[in-house]
Amino acid sequence: MANNNKAVVPEARMALNQMKAEIAGELGLANYENMDKGNLTSRQNGYVGGYMTKRLVEAAERSMAGK
């Protein structure tokens, strides 16, 4: 399957990967960067992406509120 995800801000890729690893660790998925994601359930992979989105939205809202 081709990965057609293109970062809007390529400079943020390292920070996003770090956030993904931190969230996966918090969810009990140690060594997520080197793990074969195909062996994880859809729910496990979905949690990582979902929590990333939640945190990014919270950060944007804080920024917009000037906090």
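Before we start, one term: a residue is called buried under 20% relative accessible area, exposed over 50%, and partly exposed in between, using a 1.4 Å probe and protein chains only. With that in hand, select Y51, which is partly exposed at a relative accessible area of 36%.

You are looking at a predicted model, in which local features need pLDDT of at least 70 and side-chain atom pairs count only at pLDDT 80 or more, while totals for chains, interfaces and linings use all residues. Residues are numbered from 1 along each chain as its sequence is written, and side-chain values use heavy atoms, with hydrogens and water left out.

**Stop 1: the whole chain**

Zoom out and show the chain as a cartoon. You will find two helices and zero strands. Helices here are DSSP runs of H or I with at least four residues, strands are runs of E with at least two, and both are numbered from the N terminus. The C-alpha trace spans about 40 × 25 × 20 Å along its principal axes. Now turn on the surface: the accessible area comes to about 5,600 Å², and 54% of that belongs to carbon and sulfur atoms. Such areas come from the Shrake-Rupley method with a 1.4 Å probe, and for residues only the protein chains shown count as cover. Of the 67 residues in the chain, 12% are buried.

**Stop 2: helix α2**

Select residues 42–65, which form helix α2. From the first C-alpha to the last, these 24 residues reach 34 Å, close to the 34 Å expected at 1.5 Å a residue. The expected span is 1.5 Å times one less than the number of residues in the helix. Step just past the end of α2 to G66, where phi is positive, at about 80 degrees.

**Stop 3: two tyrosines**

How many aromatic pairs does a search of the whole structure find? It finds one. Show the side chains of Y47 and Y51: the ring centres are 6.3 Å apart and the planes meet at 50 degrees, so the pair is tilted. For the cut-offs, rings of Phe, Tyr and Trp (its six-membered ring) pair if their centres lie within 6.5 Å; planes under 30 degrees apart count as stacked, over 60 as edge-to-face and the rest as tilted. Y47 and Y51 are four residues apart in helix α2, so about one helical turn separates them. Y47 is partly exposed, with a relative accessible area of 42%.

Add L27 to your selection. Together with Y47 and Y51, L27 makes a nonpolar surface patch of about 270 Å². Patches are built from residues with over 30% relative accessible area and no salt bridge, joining like charges within 9 Å and nonpolar side chains (Val, Leu, Ile, Met, Phe, Trp, Tyr) within 5 Å.

**Stop 4: the salt bridges**

The structure holds two salt bridges, each being a side-chain nitrogen of Lys or Arg within 4 Å of a carboxyl oxygen of Asp or Glu. Which residue meets R55 in a salt bridge? Select E26 and check the N to O distance, which is 2.5 Å. This pair links distant parts of the chain, 29 residues apart, with R55 in helix α2 and E26 in helix α1 (residues 13–26). R55 is partly exposed at 30% relative accessibility, whereas E26 is exposed at 54%.

Next, pick E58 and R62, whose closest N and O atoms are 4.0 Å apart in a salt bridge. Both lie in helix α2, four residues apart, or about one turn of the helix. E58 is partly exposed at 31% relative accessible area, and R62 is partly exposed too, at 44%.

**Stop 5: the loop and its surroundings**

Move to N31, in the loop between α1 and α2. Most residues other than glycine have a negative phi. N31 is not a glycine, yet its phi is positive, at about 60 degrees. N31 counts as partly exposed, with 49% relative accessibility. Draw a line from N31 to P10: they are 21 residues apart in sequence and 23 Å apart in space, C-alpha to C-alpha.

In the same loop between α1 and α2, select M35, which is partly exposed at 26% relative accessibility. The C-alpha atoms of M35 and L16 are 17 Å apart, with their positions 19 residues apart along the chain.

Finish at K37, which lies over the face of Y32, 4.6 Å from the ring centre. A charge sits over a ring if NZ of Lys or CZ of Arg is within 6 Å of the ring centre and within 35 degrees of the ring normal.
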